[in-house]
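This briefing walks through a single chain, topic by topic. Keep the sequence and the 3D view open while reading.

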Amino acid sequence: MVWCSGWRLASAVSEEGGLGLLGAGSMYPQVLREHIAKCRTALGDKPFGVNIPLLYPDIEEIINIICTEQVPVVVTAAGSPRTYTRRLKEAGCKVLHVVSSTLFACKAEEEGVDAVIAEGFEAGGHNGREETTTMALIPSVAAAVSVPVVAAGGIARGSSILAAKALGAEGVQIGTLFALSEESSAHENFKRVCIEGGEGDTRLVLKKLVPTRLLLQSEFTQRVIELETHGADKEELQQLLGRARAKKGIFEGDIDEGEIEIGQVHAMVSEIKSVATIFKELEEQYAAAKQRILEE
């Protein structure tokens, strides 16, 4: 959710009864501190959290801020939970770690996380190398660990939430649906091109660097695919990627030159809606799906 989830989106999600997360991966340390303060002002005692890619260059300063500010919940990703889980928990934070396999889920549990977020490869942005789908991953992880499991990747309907619970998840993490919401800080060009795209319009690329799901409509994505088709090595791909591609695509709205990171379920989103409307629809869809099952 880099460049999508600032304090407006995070606080709107928490206001509706979810757990809003600040996407710290796109924030300088001082910017994160400001967004934490704004969340607290908007939410009062209601909880919120921060998502941290552990490969972030200023990770030590980010961790210090989170501990000092006593952020209620921290989601860690893109790195080992061994490094910071104990420190975060000693500061009073609940810690969830994102995993893409049962093996990593077990390792995260061993490091003391409070829950694991099992993310299938349908998800947008950075992905696991295993390419395991959410439906295959959730029951496997749920059977292997004793901590709560949160399902992520490919969830954009209330019926999907019900399915995730049936597979063993205690809850879900939703990205794409809220990245395309009114409160998302993503550029309108980004939201528009994602909504206009259809089924099959994303691809998992850059596997020699960090596997990333991108929208095919971007000229940058097409250049990546062309290079990979011709056997480009890691160095060539890194040279093409350069710096700030995600910011250029998501926050600045440069569809041609930016990374348009989005999940497969973007094809299920037909219009930009408020967070309140999204929650209402998810609740209605969940209730209808549950009733349908009970009637069968």
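Is Phe 251 buried, partly exposed or exposed? Phe 251 is partly exposed, at a relative accessible area of 37%. The model is predicted. The points below start from Phe 251, then take up the strands, the helices and some loop residues.

**Phe 251 and helix H12**

- Phe 251 belongs to helix H12, which spans residues 245–251.
- Beyond its neighbours within four places in sequence, Phe 251 is in contact with Trp 3, Ser 185, His 187 and Ala 246.
- Phe 251 and Ser 26 are 225 residues apart along the chain, yet their C-alpha atoms are separated by 9.8 Å.
- H12 also appears among the elements that cover the buried residues of helix H9.

**Ser 5, ahead of the first helix**

- Ser 5 sits in the segment before helix H1 (7–15).
- Its relative accessibility is 5%, so Ser 5 counts as buried; the cut-off for buried is under 20%.
- A polar atom of the Ser 5 side chain lies 2.4 Å from the backbone oxygen of Leu 21.
- Leaving aside neighbours within four places in sequence, Ser 5 is in contact with Ala 10, Leu 21, Leu 22, Gly 23, Met 27 and Ser 185.
- Ser 185 is thus a contact of Ser 5 and also a contact of Phe 251.

**Parallel strands S1, S2 and S3**

- Strand S1 (residues 21–23) and strand S2 (residues 49–53) run parallel and are joined by 3 bridges.
- Leu 22 stands opposite Val 50 of S2. Leu 22 is also one of the contacts of Ser 5.
- Helix H2 (residues 29–43) makes a right-handed β-α-β unit with S1 and S2.
- S2 pairs with strand S3 (residues 73–77) in the parallel sense, over 5 bridges.
- Pro 53 has Ala 77 of S3 as its bridge partner.
- A right-handed β-α-β unit is likewise made by S2, helix H3 (residues 59–69) and S3.

**The antiparallel sheet**

- An open sheet of 3 strands has the order S6-S10-S9, and the pairing is antiparallel.
- Why do S6 and S9 each have one side without a neighbour in the sheet? Strand S6 (125–126) and strand S9 (202–205) stand at the edges, each with a single partner strand, so one side of each is left without a neighbour in the sheet.
- S9 is joined to strand S10 (residues 212–215) by 4 bridges, and the two run antiparallel.
- Val 205 has Thr 212 in S10 as its bridge partner.
- Helix H10 (residues 219–229) packs on this sheet and touches S9 and S10. The direction of H10 makes about 50° with that of S9.

**Helix packing**

- Helix H5 (residues 102–110) packs against helix H6 (residues 134–144) at an angle of about 35°. Their axes are 9 Å apart.
- The H5 and H6 crossing is right-handed.
- On the H5 side, Thr 102, Ala 105, Cys 106 and Glu 109 make the contact. On the H6 side, Leu 137, Ser 140, Val 141 and Ala 144 do so.
- An α-helix has 3.6 residues a turn, so residues three or four places apart point the same way.
- Which residues of helix H9 (residues 188–196) are buried? They are Phe 190, Lys 191, Val 193, Cys 194 and Ile 195.
- The cover over those buried residues includes helix H8 (176–179), S10 and H12.

**Lys 234 in helix H11**

- Lys 234 is placed in helix H11 (residues 234–241).
- Lys 234 is partly exposed, at 47% relative accessibility.
- Leaving aside neighbours within four places in sequence, Lys 234 is in contact with Lys 208 and Leu 209.
- Lys 234 and Leu 209 are 25 residues apart in sequence and 6.4 Å apart in space, C-alpha to C-alpha.

**Positive phi in loops**

- Most residues other than glycine have a negative phi.
- Gln 70 is not a glycine but has a positive phi of about 50°. Gln 70 lies in the loop between H3 and S3.
- Gln 70 counts as exposed, at 55% relative accessibility.
- Ala 244 also has a positive phi, near 60°. Ala 244 is in the loop between H11 and H12.
- Ala 244 counts as partly exposed, with 49% relative accessibility.

Conventions
Residues numbered from 1 in each chain as written. Predicted model: local features only at pLDDT ≥ 70, side-chain atom pairs only at ≥ 80, totals over all residues. Heavy atoms only, no water. Pairing = 2+ DSSP bridges. Contact = heavy atoms within 4.5 Å. Axes fitted to C-alpha atoms, helices over the stretch in contact; angles between N-to-C directions. Buried < 20%, exposed > 50% of the residue type's maximum accessible area, 1.4 Å probe, protein only. Polar contact = N/O pair within 3.5 Å; in protein donor to acceptor, adjacent residues only side chain to side chain. Right-handed = clockwise from strand over helix to strand, strands pointing away. Left-handed = near helix turned anticlockwise from the far one by under 90°.
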